[in-house]
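Student: I should like to examine the ion pairs of this model with you. May we go through them one at a time?

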Amino acid sequence: MAYPFSEIEQKWQRLWDEQKVFITPKDTSKPKYYVLDMFPYPSGAGLHVGHPEGYTATDIMARYKRMRGFHVLHPMGWDAFGLPAERYAMQTGIHPAKTTAENIDNFRRQLKAIGFSYDWEREINTTTPDYYKHTQWIFLKIFNSWYDEERNRARPIEELSVPSELNESEKREYIDSKRLAYIAEIPVNWCAELGTVLANEEVDEWTSKGYTVERRPMRQWMLRITAYAERLLEDLKLVDWPTGTLELQKNWIGKSAGALIYFNETGTGNRITVFTTRPDTLYGVTYVVLAPEHPLLAEIVSSQQKTAVEDYRQATALKSEMDRQLEAGRGIKSGVFTGAYVEHPITGEKIQVWTSDYVLMGYGTGAVMAVPAHDQRDYEFAKEFSLPVKKVVAAVGETEPADAAFTDDGIAVNSPWIDGLPSDKAREVMLQRLEDSGKGASKIQYKLRDWLFSRQRYWGEPIPISFAEDGEMLTETELPLRLPDSDNFQPAQTGESPLANLKEWVEHQKNGKKWVRETNTMPQWAGSCWYYLRYTDPFNDKEIISKENENYWLKNGVDLYVGGAEHAVLHLLYARFWHKVLYDYGIVSYPEPFRKLVHQGIILGEDNVKMSKSRGNVVNPDSVLEKYGADALRLFEMFLGPLEAMKPWSSTGIEGVYRFLAKVYRRFIPEGAWNAAIAEEPLEARKTEIDFLLHSTIRKVTEDVERMAFNTAIAQMMIFLNETAAEEPIGRDAVESFVLLLSPFAPHLSEEIWQAMGKTQTLAYEPWPVYDPEKIIVNDVTMAFQVNGKLRATVKVPADLTDDAVTQIAVSNPQVQKFTEGKTVRKIIVVKNKIVNIVVG
């Protein structure tokens, strides 16, 4: 008796589409539930079996919430701009729009074949002009804003107070310096072969493919995310996210309380400002280090050291910041003495100034006061270059390391201003003395850097800004500024994006003035920063979201957001930043976009290694669907283990789940026909047990789905089926309840059974079963009576008897007495409601 899964699944996928079963309701009469997947980049490889894991979890929640009476928004779309499509175009000449469309078609086909209940009418694509029109609008909103630190919010640039003594050119420069989107010359990760700048997180991916990346200064668009650092940190209290993700966000923002301390260079008089969280160690400074990119380096370097410093600076430019941090973490130290000295702000001692790549320009001030006795990186550098080490903190109640820095708090020593003070008090006193003497100031510092926003690519959203020869900037008034068609995807010879080759697009006139359009495009992050908003109002051509839709669908944010932990930092951080700008303008009413976040675990290959083409361990869902069907794939991925856990694929495991579904098919609709006998009332002797089993299952599955413990919910449904005999009637209520419980997990088979029972409407909106507490009360339990650990009798007794009462029943049992007669009872062990073990000797 074969289980015709392919026929059943194709039938119901067709009917769901034809009847538009999962279209999002437009009225607001019911509570809402917005469940969202991190939308995919449509690569040419299509899906592998790891991708549907998170999508299945959100689909179960969407189907469950519909049955619980919620209006559900469950959409899907495509984060479709990206470097892989452009790189393919550079190699083949095939336009990225063509390959992207083909990839999307394949992704959509695969997702539909798994039976996800997406509202496909709300499908979005970040590369379409009707979408990126709004991406450009948000960028211009950011560009035309400044951050008011007193009011702690963004405000229109027109409201910025500009010093009246400035001339027109100076006023423009002043205004541009305050914008939340601005242009700066900064060191970036440049890949000449790709013809573009790479974000720090992209460097490893492309260098592992054989590309060379170097650091070089370039003109770039930046977004002033640092203005929102404190709010990005503080508002994490409003979300329900995994602890690890919250910590990653906090660490990336990197708030530190400390001090700015001023060191004056003895030759030029230049002031070098350092930031430190340990002002109590100031007496232990034995040298100062500047980042190789520090602007003062060229001014203070001595003539004798100029060549060595320049050679070192160029060598550092070939390394990414990540490489530099990794080398520092492994204790690899390099550097060059600049020939310059600074004066210690308290002792007046002359201190050498070095440059080293373990100091990053992007954190703090790009300069550090080195205290090798109490900082491990400084210690390793001092040892490498035979620099002095001066102890200024003594351990309390612990042994100081013999050949390493002592980095803990302790008691200040060799520090006249603060000798004998514990570290926390010493920091307070030192900071106050520095401020009083004008040699330092308290400072809250963040590791967070402004967002490098532009890319030298063709395949991205055009930045809707033009420039005049005098530096004046002009914003586009009619959006979208469309990406021009082209068949040349190679970077311009100037290092600019391929758009720079399109002179007829780049150069234009307006208001009698010549303008040149920005040729950089936006990063892939841009489209994914706000897509959750577009899903709520996808047909609105006038604004990104109407107030009505925002008030309903985004009240308290997206209810459930599911995606990979690899997006735990930057995507979430950037989306939160854009959301807060929109919040400042009243476009959204809740300060956070995603209220609850869940990361699905990685599904490994059968060899317990991450799936990849090179390893040959990728499992294509198409082959799984062909052999076992969509319901089996869905059920198995949820049954593998906890959703958040990493687990390997198992070909034998999916066989077991397939057999369970085939058993359901044979039990309820053998040969496709309704088995009416199973819905007959159970035998009187079994009715109480079946009621208990059914209502326990309803309770267990409901509670497990609410906490997304899908593997144990499935296990309970398997128990229900196994605890009832193949030909046993269980009653219509039990049949309907079981099918409804199964439906979010295996919707195709469940719909088929529902229809075979004579139902004329989809079960997608049927009320979820409710358990009766009275029917899961255990009145009697079966207990095992043992003698010396061996089973001698099983007896049904009232539940929750006292130990004395159940012991009396056990010792009086004739089967037990056969093995205790004439022997001394040495001990009686009672396990409540389960076992009585009588130990005799």
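Student: How many residues apart in helix H23 are aspartate 691 and lysine 687?

Tutor: This is a predicted model, in which local features need pLDDT of at least 70, side-chain atom pairs count only at pLDDT 80 or more, and totals for chains, interfaces and linings use all residues. Residues are numbered from 1 along each chain as its sequence is written, and side-chain values use heavy atoms, with hydrogens and water left out. The two side chains form a salt bridge at 3.8 Å, N to O, the term denoting a side-chain nitrogen of Lys or Arg within 4 Å of a carboxyl oxygen of Asp or Glu. Helix H23 (a DSSP run of H or I, at least four residues, numbered from the N terminus) spans residues 684-706, and about one helical turn separates the two residues, because they are apart by 4 residues.

Student: Is aspartate 691 buried or exposed?

Tutor: Buried means under 20% relative accessible area, exposed over 50%, and partly exposed in between (1.4 Å probe, protein chains only). Lysine 687, at 29%, is partly exposed. Aspartate 691 has a relative accessible area of 17%, so this residue is buried.

Student: Which residue meets arginine 231 in a salt bridge?

Tutor: The N to O distance of this salt bridge is 2.8 Å, and the partner is aspartate 584. The pair joins distant parts of the chain, helix H8 (residues 229-234) and helix H19 (residues 570-584), 353 residues apart. Arginine 231 is buried at 11% relative accessibility, and likewise buried, at 10%, is its partner, aspartate 584.
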